[in-house]
Amino acid sequence: MSLYERIPNNVDLSNDKRLLRALEHWLPNYMQWWSDMGPEGFQADDVYLRTAVSVEPGGWAHFDYVKMPDYRWGIFLAPPEHDRRVGFGDHFGQPAWQEVPGEYRNMLRRLIVTQGDTEPASVEQQRLLGQSAPSLYDLRNLFQVNVEEGRHLWAMVYLLHSYFGRDGREESEELLERRSGSDDKPRILEAFNEPIVDWLSFYMFTTFTDRDGKYQLLALAESGFDPLSRTTRFMLTEEAHHMFVGESGVRRVVRRTCEIMRETGDDDVRRQGAVDLPTVQKYINLWFSLSLDLFGGEVSSNAASFFSAGMKGRAQEPKYADHMALEGAYQMGGEQIPLRNAMNEVLRDSYIEDCEKCLERWNRVIAEHEIPYRLSLPDRRFHRHIGAYSAHSFDPQGHRLTVEQWNERCDEFLPSEKDFAYVRNLMAPGPKGTPEIGKIAHWISKPTTGIHGMPFEFEYVRREQ
Ligand SMILES: [Fe+2]
Ligand SMILES: [Fe+2]
């Protein structure tokens with residue numbers, strides 16, 4: 001199969017000799033990275049996966065069994081909008097750029113590389129999880145997320161190769177060289193250097209960190225650099241499933257815990273082999289706070305420059321009345337911040353609002369079981385490592401703590417070593433290894449539906465014999 005047939009695309013790859021040549025060099029390195037850092041132990045198995053094959057709203061994805069190394073990572077851009085204009089900032093109303101504007105070249109490259117770096121990072125973080133999957137359905141969902149994060153890397157590498165010449169090629173190689181958690185070549189953003197070793201962490205990550213991804217992509221989808229806008233708009237269609245995996249995963253854990261609490265009447269559900277709700281709360285505290293950091297500092301001149309340049313907007317920019325954002329201020333703890341400098345905080349606000357909806361859904365399950373407990377998001381000041389609140393410690397309600405108070409109480413707020421050990425042990429692989437068809441681990445409930453019209457009792461992953 002020739003290279004352009006191997007890569008599904010809507011960018012007329014067969015006629016773009018320069019891009020083809022660049023990808024010919026990059027592809028073997030990508031495949032090497034996938035075999036070194038992709039899901040460990042399942043590369044020879046048939047997995048029931050969806051593959052993006054077009055950008056048609058109704059039929060963009062094809063579902064079938066595929067071995068992960070044979071997955072057809074493609075390049076898709078949302079269809080062009082006729083006469084698209086820059087939607088915000090200093091160039092508001094001017095025609096959108098089809099080529100990189102020289103004065104914003106470095107800025108754009110940095111935005112693309114930072115986004116691109118998160119994609120392979122998450123695959124690396126999750127690479128051992130397959131061994132402890134609670135069901136074949138979940139195992140398949142993990143791999144679906146992994147191959148699509150791989151495709152998102154392709155999406156960013158496409159932009160680097162097509163629009164940034166030699167620097168773009170170098171950046172593309174470096175995207176394959178950094179490693180999550182490495183001391184000398186770590187991934188760029190901190191939440192992407194934390195290993196994900198248990199499935200509760202995976203569901204939290206896909207709820208909160210992939211949702212950060214959604215908001216970054218929404219902001220980039222507004223970009224006046226049209227190829228970036230079109231690329232990220234298509235990535236958002238895939239991202240929705242990742243967040244579904246997370247939100248419904250936590251919901252199923254919570255449901256199972258509630259069922260066990262009702263059935264046994266035992267207050268100590270750990271004795272019954274379930275995740276107690278206070279531990280779920282601590283995991284929320286951890287992954288929500290790590291994900292908040294990804295939006296950057298509250299007051300940011302970088303964010304202001306991205307906005308002024310028309311490179312990175314707000315989520316759903318058209319819903320705002322004023323696209324210049326030169327007047328008005330953002331209220332931050334009694335201070336007035338010029339709006340453009342507060343763009344990280346504006347995006348973080350949209351994100352938090354969205355996260356609240358997940359909490360509502362989880363709490364509804366608890367309420368249905370008539371259990372007097374509520375999960376909640378911690379205050380945005382809690383456990384921050386970046387920005388105005390990083391210099392001090394706060395409890396989940398946002399009250400300032402002294403260092404001594406924090407050290408004394410942090411195990412109340414965040415999973416302790418003991419909590420992690422309990423969860424890891426609970427979710428350790430069973431004696432038979434991969435789950436059987438239709439079976440589910442004790443600590444999580446079955447999903448209400450399967451994938452693509454298939455029942456839960458379907459062989460989503462066929463182990464090689
Ligand atoms: Fe992604
Ligand atoms: Fe994702």
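Which residues have the most contacts inside the largest nonpolar core? I began with this question, keeping in mind that the model is predicted.

**Entry 1, the core.** I found that the largest nonpolar core has 111 residues, and that M204, V253 and W287 are those with the most contacts inside it. When I looked up which element gives the largest share of this core, I arrived at helix α4 (residues 136-163), which supplies 15 residues. As background I noted that nonpolar side chains tend to be buried together in soluble globular proteins. I then followed W287 outward and, leaving aside its neighbours within four places in sequence, listed M204, F205, F208 and T209 as its contacts.

**Entry 2, helix α6.** I turned next to helix α6 (residues 199-221) and compared its length with expectation: at 1.5 Å a residue its 23 residues should span 33 Å, and because the end C-alpha atoms lie 31 Å apart, I recorded that the two values agree. I did, however, find a kink of about 35° in α6, centred on F205, and F205 is also one of the residues in contact with W287. Is α6 mostly covered or mostly uncovered? I counted 22 of its 23 residues as buried, and so entered the helix as mostly covered.

**Entry 3, the three-stranded sheet.** I traced an open sheet of three strands in the order β2-β1-β7, with antiparallel pairing. Since β2 and β7 stand at the edges and each has a single partner strand, one side of each is left without a neighbour in the sheet. I noted that α4 packs on the sheet, where it touches β1 and β7, and that its direction makes about 40° with that of β1. For the pairing itself, I found seven bridges between β1 (residues 46-52) and β2 (residues 61-67), in the antiparallel sense, with A52 standing opposite A61 in β2. On the other side, β1 is joined to β7 (residues 461-462) by two bridges, again antiparallel; here I paired D46 with R462 and V47 with V461.

**Entry 4, the hairpin.** I looked up strands β3 (residues 329-332) and β4 (residues 335-338), which run antiparallel and are joined by four bridges, and I placed Y330 opposite I337 in β4. The hairpin they form has two residues between the strands, and in it G333 takes a positive phi near 50°.

**Entry 5, positive phi outside glycine.** I kept in mind that most residues other than glycine have a negative phi. Where does D12 lie? I located D12 in the loop between α1 (3-6) and α2 (17-37), and its phi is positive, about 55°, although it is not a glycine. Because D12 has 9 other C-beta atoms within 10 Å, and 12 or fewer counts as exposed, I marked D12 as exposed. I made a second such note for H452, which is not a glycine either and has a positive phi of about 55°. H452 is found in the loop between α12 and β7, and with 11 C-beta neighbours inside 10 Å it counts as exposed.

**Entry 6, a loop residue.** I finished with S416, which lies in the loop between α11 (403-413) and α12 (417-426). How many other C-beta atoms lie within 10 Å of S416? I counted 14, so S416 is entered as partly exposed. I also checked S416 against K282, which is 134 residues away along the chain, and found their C-alpha atoms separated by 8.8 Å.

Key
Residues are numbered from 1 along each chain as its sequence is written. Chains are lettered from A and ligands numbered from 1 in the order in which they are written. This is a predicted model: local features need pLDDT of at least 70, side-chain atom pairs count only at pLDDT 80 or more; totals for chains, interfaces and linings use all residues. A residue is buried if 20 or more other C-beta atoms lie within 10 Å of its own, exposed if 12 or fewer, and partly exposed in between; C-beta atoms are placed from the backbone. Two strands pair if DSSP finds at least two bridges between them. A nonpolar core is a set of buried Ala, Val, Leu, Ile, Met, Phe, Trp, Tyr and Cys residues joined through C-beta atoms within 7 Å. Two residues are in contact if their C-beta atoms, placed from the backbone, lie within 7 Å. The expected span of a helix is 1.5 Å times one less than its number of residues. The bend at a residue is the angle between axes fitted to the seven residues ending there and the seven starting there. Axes are lines fitted to C-alpha atoms, for helices over the stretch in contact, and angles run from 0 to 180 degrees between N-to-C directions.
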